[in-house]
Amino acid sequence: MPNVQNPSVDDIAEGVEQYSTRYTKEIEIVDFFAEILFRSSDQQQQISKKNPSIFAAFKRRMASATRQKRLIDRITCRQVLNIMVILGFMFNYMLRVNLTIAITDMIYDNRTNATFSNVTVPVENVTFSLQNASQTQSLDTQPVDKSSDSGHTKFHWDKHAQNQLLGSFFWGYILTELPGGRMAEIVGARKIFGGGMLGASILTLLTPVVCYWGLIPSIVLRSVMGFFLGATWPAIPPMAAKWIPPMERSKFIANMMASALGAAFTMPVCGFLIDRLGWASVFYVTGAVGLVWSVSWFFLVFDSPADHPRISAEERLEIETKIAEGSGRGQKPKSVPWCAMLASAPVWAIIITHGCSVFGYFTVVNQLPTYMKDVLHFNVKANGLLSSLPYLGKYTMAVIASYFADRLRRSGKYSTTLIRKSFTTFAIAIPALLMIVQAFFGYDAIISVTIFTGSLFFNGAVTAGYLANGLDIAPNFSGTIFGMANTLSSLGGYISTTIVGALTNKNSTFNEWRNVFWVLVGVYALGGLMYLTFGSGELQPWNSVDRKPSLNGTNGPKSQEMQPLNKKKDEVIA
């Protein structure tokens, strides 16, 4: 009888032979040997080398057991994780951009109406300047009574106030980017990502009530919402390091681009809700959806294969073996090597390129509905439908580019550095060229929609470029690196809304918007040149430290990526 408490390689080999003949249920064999094998990752490698035929037979039995399971059990935990991450980022951006479409119906249009003592009067046949009308009530932050056209309460917030409200999200967002990435490395991405989404969903449900209190409370609420959502994005790379083998990580990172899919979904749905139920319904519906997802996340997703109570033995073995094979030697430092990290050119290449790319993305996401309304003159329903097209393109390219990036890496023909630089250049340079075209021909509706769609479509390739690069150069600190990058990009998001507000505050004409497009050209060019010069796909030496020699004079076992501070009892570190 093999020793199951502290099995040696011989015990495992004996156990495979003995129990493979005694047990009649394949599932029991799988579960029994999983408990033995997972006590030490080194023994997995030892037994495969000492007796490869037995180990291969054992893996075949596990595969056979899988085929006998119920259909529902054939959905792997990794597939569930992918689905939940895709939905999570869809709803993440849904919570973020719902205001950008709802605000087009929340604001009292001062160019077509004048107000007299809290009474709204259409002025379609009246010709006088609002600035010279002594009867006109000065703009304030209080809601007016029922507007004459829609029957829903609207607000006297000018362009500057609107941009302050949209930009306030980033005030809180920027505070939790770096802490969120680091906390995900320490306590796990499950709590950070799920908790952030839960808090933001609750605040979204409260948004209509707070708006009636005035502009300042609304700005505070959006800032707190940004505080919750700021920690969510940097939490995903640490989860990828534990769940996803190295040669599949580009495709997993592409799931983050489902945020663009969420924006595409939110635009037409919000347009429909506003048309039928008014702007407040946008926040009630999107908040409820986010709340349901948040609860589901905590039931279905766990920080690592070792933490998952429903994962099969064969799936856990496959994931942990592949991650172990792709790991570098050494062990994770006990603290973040800040000096080495901040002095690393590849890290700054990721940070600056991400900031430039996201600056362009946020400019389109936050300002495209307003541009289409003020310059292209679409009603809100058409606004939502046509505004969604660029985001659909971005997600499509993200999936396609990531598939080819992983395939090229597995082929071994090209270096990771070449692959990351090629896709990053492709994703940044083409949008820059398209913005030049937009600056000249953006007054045409068809051309504008085509250019915005093409710009975000090609930019989706960043998932195969710099966006997955943190997992290449420092998987142990991928959350921290992404947090640093997103901190800069969040600052860029606020600057974007401020610049657009300053450049278009007077009349919001195409000539004013042309300056915005030229700013985008310069920012895209800066990001592309930075990564092309300093980007790298090589594992950085500060990602790990050498293991101390053991008592017998040999180095300890090969390290694994993403070692938590407190290892689970039976967890294979990955």
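Which element gives the most to the lining of the largest cavity? In this predicted model, that element is helix H16, with five residues. The search that underlies this result covered the whole structure and returned nine cavities of 30 Å³ or more.

The largest cavity has a volume of about 160 Å³, and its lining is formed by 18 residues. Nearest the centre of this cavity lie Trp 233, Met 257, His 354, Val 358 and Tyr 361. Two or more lining residues are supplied by each of helix H5 (77–106), helix H16 (345–374) and helix H22 (478–504). By residue class, the lining of the largest cavity comprises ten nonpolar, six polar and two charged residues.

The second largest cavity has a volume of about 100 Å³. Its lining consists of Ile 103, Lys 159, Gln 162, Asn 163, Leu 166, Gln 367, Thr 370, Val 500, Thr 504, Ser 508 and Trp 513. Helix H6 (159–167), H16 and H22 are the elements that give two or more residues to this lining. Of these, H6 gives the most, with four residues. The lining of the second largest cavity divides into four nonpolar, six polar and one charged residue.

Helices H16 and H22 thus appear among the elements that give two or more residues to the lining of the largest cavity, and H16 and H22 also do so for the second largest cavity. The leading contribution comes from H16 in the largest cavity and from H6 in the second largest.

Technical notes:
Residues numbered from 1 in each chain as written. Predicted model: local features only at pLDDT ≥ 70, side-chain atom pairs only at ≥ 80, totals over all residues. Heavy atoms only, no water. 1 Å grid on protein atoms, 1.4 Å probe; cavity = no way out; pocket = protein on both sides within 12 Å on 5 of 7 lines; lining within 4 Å. Points joined across faces, edges and corners; volume = space filled by probe spheres on them. Nonpolar A, V, L, I, M, F, W, Y, C, P; charged D, E, K, R; others polar.
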